[in-house]
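Student: Hi! Could we go through this one together? I'd like to start with the ligand and then look at the sheets.
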Amino acid sequence: MAQLIDGKRISQQIKDELKAEVESLKNQGVRVCLAVIQVGSDPASTVYVNNKKKACAYIGIESEAYELPEEVSEEELLSLVERLNQTEHVNGILVQLPLPAHIDEDKVIKTICADKDVDGFHPQSVGRLWIGEKGFLSCTPAGIIQLLKRSGIELDGKECVIVGRSNIVGKPMAALLLRENATVTIAHSHTKNLKEITNRADVLIVAIGKRQFIGPEYVKEGAVVIDVGMHRDENNKLCGDVLFSEVEKKASAITPVPGGVGPMTIAMLMNNCVETVR
Ligand code: NAP
């Protein structure tokens, strides 16, 4: 049976470390404040935003919520972001995605001042990541690196295969694995012979967005499997991109869904908030 990589425990450990750091910063007169902007009232976005506010409160990071109506104009949203860029006590700015179709997400991301870009989506943050400069790391991939390291999984020289090439998961994941001296392959929907490629992986990271797509035939005996996907199964229970019940028999270590990658994303967002004052 595979080792279960416990994202709940590891994310709690990181949040407790950050809480102690924020307490000591407060004693030196340094405060950390995150501004969270939500447009509209999509229930999933509301849950994410509330979880972020809760994590801030736990760690001792101040949070300011800006709730804008669904029909807010792009211009109004951009002018709020610009105002927050200039607001000294706001260290980090997060715009909850997705935004309504009439607003250009790219434009909004690029308007956030790079020094306050705690999601790590600004082109400057992405560039820094690829050339190995210090900067904000995209939260989900950064969380996966922490999961692997804190579970004692060696990456140096390992064959890592990432399935999915999105800007928020697959691509930054590749950059972070390269930093760890892994040999990295990125597969996507045009990849030929996907099974052959994934079967080479010592560490297989799956971010496809397709429910239980990766079965045991895609996995090498003894591989480490990280499942980024998040879905509901036919019984309305949370599940991932990996067919956990079958793959866990073949893997040496695996993340569950829920309780694997999910909790790490918020922990790493909190880390980026603290990074603004380090
Ligand atoms: P995305 O933007 O939809 O990207 C999916 C990627 O998978 C694309 O690169 C796509 O290839 C590739 N793909 C799709 N079908 C494929 C196939 N049959 N074979 C090989 N590659 C295939 O998704 P995302 O934003 O990266 O998210 C992926 C999943 O992770 C989703 O379930 C999402 O909900 C979840 N997620 C979870 C967290 C978390 O915190 N737990 C964070 C982010 C995302 P092309 O580029 O060729 O289209």
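Student: How far is a polar side-chain atom of Thr 265 from an oxygen atom of the ligand?
Tutor: The distance is 2.8 Å. Keep in mind that this is a predicted model.

Student: And how much of the ligand does the protein bury?
Tutor: The protein buries 71% of the 930 Å² that the ligand exposes when taken alone.

Student: Okay, back to contacts. What about the side chain of Ser 189?
Tutor: An N or O atom in that side chain is 2.6 Å from an oxygen atom of the ligand.

Student: Which part of Val 228 lies 3.4 Å from a ligand oxygen, backbone or side chain?
Tutor: For Val 228 it's the backbone: one of its N or O atoms there lies 3.4 Å from an oxygen atom of the ligand.

Student: How many residues surround the ligand, and which are the closest?
Tutor: There are 22 around the ligand, and the closest are Arg 165, Ser 166, Ser 189, Lys 210 and Thr 265.

Student: What does that shell look like by class?
Tutor: It has 11 polar, 9 nonpolar and 2 charged residues.

Student: Cool, new topic! What's the order of the strands in the open sheet of 6?
Tutor: Reading across, it goes S1-S11-S8-S7-S5-S6, and the pairing is parallel.

Student: Which strands are at the edges there?
Tutor: Strand S1 (3–4) and strand S6 (183–187), each of which pairs on one side only.

Student: So who is next to S1, and over how many bridges?
Tutor: S1 pairs with strand S11 (residues 253–254) over 2 bridges, in the parallel sense. If you want a spot to look at, find Leu 4, which stands opposite Ile 254 in S11.

Student: Now the sheet with 3 strands. What order are they in?
Tutor: That open sheet runs S3-S2-S4, with parallel pairing. Its edge strands are strand S3 (62–68) and strand S4 (92–95), each pairing on one side only.

Student: And what's the average twist there?
Tutor: From one strand to the next, the twist averages 15°.

Student: How many bridges join S2 to S3?
Tutor: There are 7 between S3 and strand S2 (residues 33–39), and the two run parallel. Gln 38, for example, has Glu 67 in S3 as its bridge partner.

Student: Last one: which strands does helix H3 lie across?
Tutor: Helix H3 (residues 74–86) lies across S2, S3 and S4. The angle between H3 and S2 is about 180°. Try finding that helix in the view!

Key: Residues numbered from 1 in each chain as written. Predicted model: local features only at pLDDT ≥ 70, side-chain atom pairs only at ≥ 80, totals over all residues. Heavy atoms only, no water. Near = heavy atom within 4 Å. Polar contact = N/O pair within 3.5 Å; in protein donor to acceptor, adjacent residues only side chain to side chain. Areas by Shrake-Rupley, 256 points an atom, 1.4 Å probe, with all protein chains shown as cover. Nonpolar A, V, L, I, M, F, W, Y, C, P; charged D, E, K, R; others polar. Pairing = 2+ DSSP bridges. Helix = DSSP H or I, 4+ residues; strand = E, 2+ residues; numbered from the N terminus. Axes fitted to C-alpha atoms, helices over the stretch in contact; angles between N-to-C directions. Contact = heavy atoms within 4.5 Å.
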